[in-house]
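Visitor: I'm new to this one, so could you walk me through it and tell me how each label is earned?
Guide: Happy to. Have a look first, then ask away.

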Amino acid sequence: MAAAALVELVGITRHFAGVHALKGVDLAVGAGEVVALVGHNGAGKSVLVQILSGVFAPTGGEIRVAGRPVTFASPADARRYGIETIYQTLALADNLDAPANFFLGRELRRAFGFLDKKRMSSEAARALSDLNPNFIDIERPVRQMSGGQRQAIAIARAIHFDVKLLVMDEPTAALGPHETAQVGELIARLRSQGIGILLISHDVRDVMRLADRIVVLKNGEVVGEVRPADSSEDEVVDLIIRGRRLPSGSAA
Amino acid sequence: MSTRPGTRSIADFVSPIWIVLVVAIVAAALISDRFLSPNNVLAVLQQGVITGIVALGMTVVLIGGQFDLSTGAIVMMAAVMALLIGPSHPAGVAAAIVLPVLAGATVGTVNGLAVYKAGANSIVATIGMQFFLVGAVLAAVSGQHVRADDIAASFSALAGARPLGIPLPVVIFAALVAALSVVMGKTVFGRHVYAIGGDVEASRRAGIAVVRTGTATFALSGALAAFSGVLIASLVGHVDPTAIGRYEFPALTAVVLGGTSLTGGVGRPADTAAAILVIAVITNVMTILDYQYPVQLLVQGIVLAGAVAYYSWRRAEFAR
């Protein structure tokens, strides 16, 4: 890993009304590195995602971007530091069309707060067709679009605006084999561009294939970290379930 | 940019309420030859204006996904305020217009913060505000009829002037419809209101200032309702605070008739204006035909039920 990680979480804790969702998590993602975060439901993955993307503030601990401590008062702050999140729910406004969702929260404007609809349409159309050449009729409410098209919008807007760290929350959970392969290709391409990727998943097979490092979260704590190159699927599953490695696996 | 022709119907560009309006006007003209007389047309236009201005604000709030049921009480508060400030002296006229509107915007801001910052349910919060305002105003005037001693001509002119023969309130209403259409359709603020109404969590995650934008919709609604109250004060010069009409439900009727979704994210100020005119035309024809108020209410109820059924069907049809 590089000396100063792209983004680093140090001793992050988060309590909700007495529940300790995260109990001091350390996690770093370097440039061009794919780190997978795995764990059961309730392990704290989605809380961690929401802290990284500025939805929640941590109760304790520090977020560092390029070595410098930062605080995110809102999701807009996290985006300003180049942290983009693709949520499992995609976080699209179903009533709006593709360009509106693409530029949601950072609309191109002309004078006096007027929308620059022409430029938004053409830029969004270009970005979407880069990702999916069959994407047609972008100016209709996204509720009328297919799951693949909706995900393309969520992905396209996350990588369009100078992204440094891309957080992907269960990107393949709702996809078929073909689309899952496309997400894999996308991750490889972004990685080669020096973008850091934090991949949240509970599909161990998937992350073994895609990630440089796998961090296992259980009950709000990091219980282990493995490199797919020198470990097995079983070892990761064991960490997820028991929170420790098989005695035989780690002894060797 | 690629678009596929034939996937849009005319209803995507012209809301069906405009077609209903044309049909209503044609029918009204056929039913009574008095309907299209200039005086009657102006009467139709004027009839809807007070409720219409209230409805415009409620449209913006509802596009954001929330209800503002405090508007009727704000109308009353503003009318009483305008008369108490005493528009008797020309110098007081500006204050009698501006201060109630500012008070309305302030009340709306409180509503907005309760809903968007504190997370209150907007129906409950704004009904609560309604009780508070009615109570406060009745206490302030001891439940008495409020009238200004003598009203400056310039204050009466607000409702009474007729530039080019058109009542000034009608001109103001048309200007407000045009302005709000631009704000909602062409500005970042409008876009954000639609986004919040579509999916508030997605909007927050996209970095939209949900609290600020949402609160602004309530402030706008409060200001517009208050302006309606000022118009009433100007029009009639006295207010019985215990008897002043409850504007929030007729206004909400127009908002819904105009096609604004009750769950937010869909709607247009101009469509609300068309709905206001539809209601005014129907009421007017029935008055010409000498149907009594209960029958008029009945017909309005049927029209509204039909509209709600139509919109529900259309949304179900286009949901996927």
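Visitor: Let's start with a pairing. What is the bridge partner of A:Leu166 in E8(A)?
Guide: That's A:Ile197. Keep in mind that we're looking at a predicted model.

Visitor: How do you know that strand E7 and strand E8 of chain A pair?
Guide: Two strands count as paired if there are at least two bridges between them. E7 (residues 165-169) and E8 (residues 196-201) of chain A have five bridges, so they qualify, and the sense is parallel.

Visitor: Which sheet do they belong to?
Guide: An open one of six strands in chain A, in the order E6-E7-E8-E3-E9-E10, with mixed pairing.

Visitor: What makes E6 and E10 of chain A edge strands?
Guide: Strand E6 (83-86) and strand E10 (221-226) each pair on one side only. From one strand to the next, the twist averages 20°.

Visitor: Which helix lies across E6 and E7 of chain A?
Guide: Helix H5, residues 147-160 of chain A, and its direction is at about 175° to E6(A).

Visitor: Now salt bridges. Why is the pair A:Arg80 and A:Asp77 called one?
Guide: The cut-off is 4 Å between a side-chain nitrogen of Lys or Arg and a carboxyl oxygen of Asp or Glu. Here the closest N and O atoms are 2.8 Å apart, so the pair makes the cut. Both residues sit in helix H2 (residues 75-80) of chain A, three residues apart, which is about one turn of the helix.

Visitor: Are these two buried or exposed?
Guide: One of each. A:Arg80 has a relative accessible area of 63%, and exposed means over 50%, so A:Arg80 is exposed. A:Asp77 is at 15%, and buried means under 20%, so A:Asp77 is buried.

Visitor: What about A:Glu233 and A:Arg205: how do you know that they form a salt bridge?
Guide: Their closest N and O atoms are 3.7 Å apart, within the 4 Å limit, so the label holds. This pair links distant parts of the chain: A:Glu233 is in helix H8 and A:Arg205 in helix H7 (residues 204-210) of chain A, 28 residues apart. A:Arg205 is exposed because its relative accessible area is 60%, whereas A:Glu233, at 32%, is partly exposed.

Visitor: Where in chain B do B:Arg204 and B:Glu201 lie?
Guide: Both are in helix H9 (residues 200-205), three residues apart. Their closest N and O atoms are 2.8 Å apart, so they also form a salt bridge.

Visitor: Why is B:Arg204 called partly exposed?
Guide: Its relative accessible area is 33%, which falls between the 20% and 50% cut-offs, so "partly exposed" fits. B:Glu201, at 29%, is partly exposed too.

Visitor: How many salt bridges are there over all chains?
Guide: The search of the whole structure finds 18. There is also a network of salt bridges linking A:Glu33, A:Arg213 and A:Glu225.

Visitor: What makes the nonpolar surface patch in chain B?
Guide: B:Val14, B:Trp18, B:Ile19 and B:Val23 make it, with an area of about 330 Å². A patch residue needs over 30% relative accessible area, and B:Val14 has 34%, so B:Val14 passes that test. B:Val14 lies in the segment before helix H1 (16-31) of chain B.

Visitor: One last residue: why is A:Asp230 called exposed?
Guide: It has 59% relative accessibility and the cut-off is over 50%, so A:Asp230 counts as exposed. You'll find A:Asp230 in the loop between E10 and helix H8 (233-242) of chain A.

How values were computed: Residues numbered from 1 in each chain as written. Chains lettered and ligands numbered in written order. Predicted model: local features only at pLDDT ≥ 70, side-chain atom pairs only at ≥ 80, totals over all residues. Heavy atoms only, no water. Patch = residues over 30% accessible without salt bridge, like charges linked within 9 Å, V, L, I, M, F, W, Y side chains within 5 Å. Areas by Shrake-Rupley, 256 points an atom, 1.4 Å probe, with all protein chains shown as cover. Helix = DSSP H or I, 4+ residues; strand = E, 2+ residues; numbered from the N terminus. Buried < 20%, exposed > 50% of the residue type's maximum accessible area, 1.4 Å probe, protein only. Axes fitted to C-alpha atoms, helices over the stretch in contact; angles between N-to-C directions. Contact = heavy atoms within 4.5 Å.
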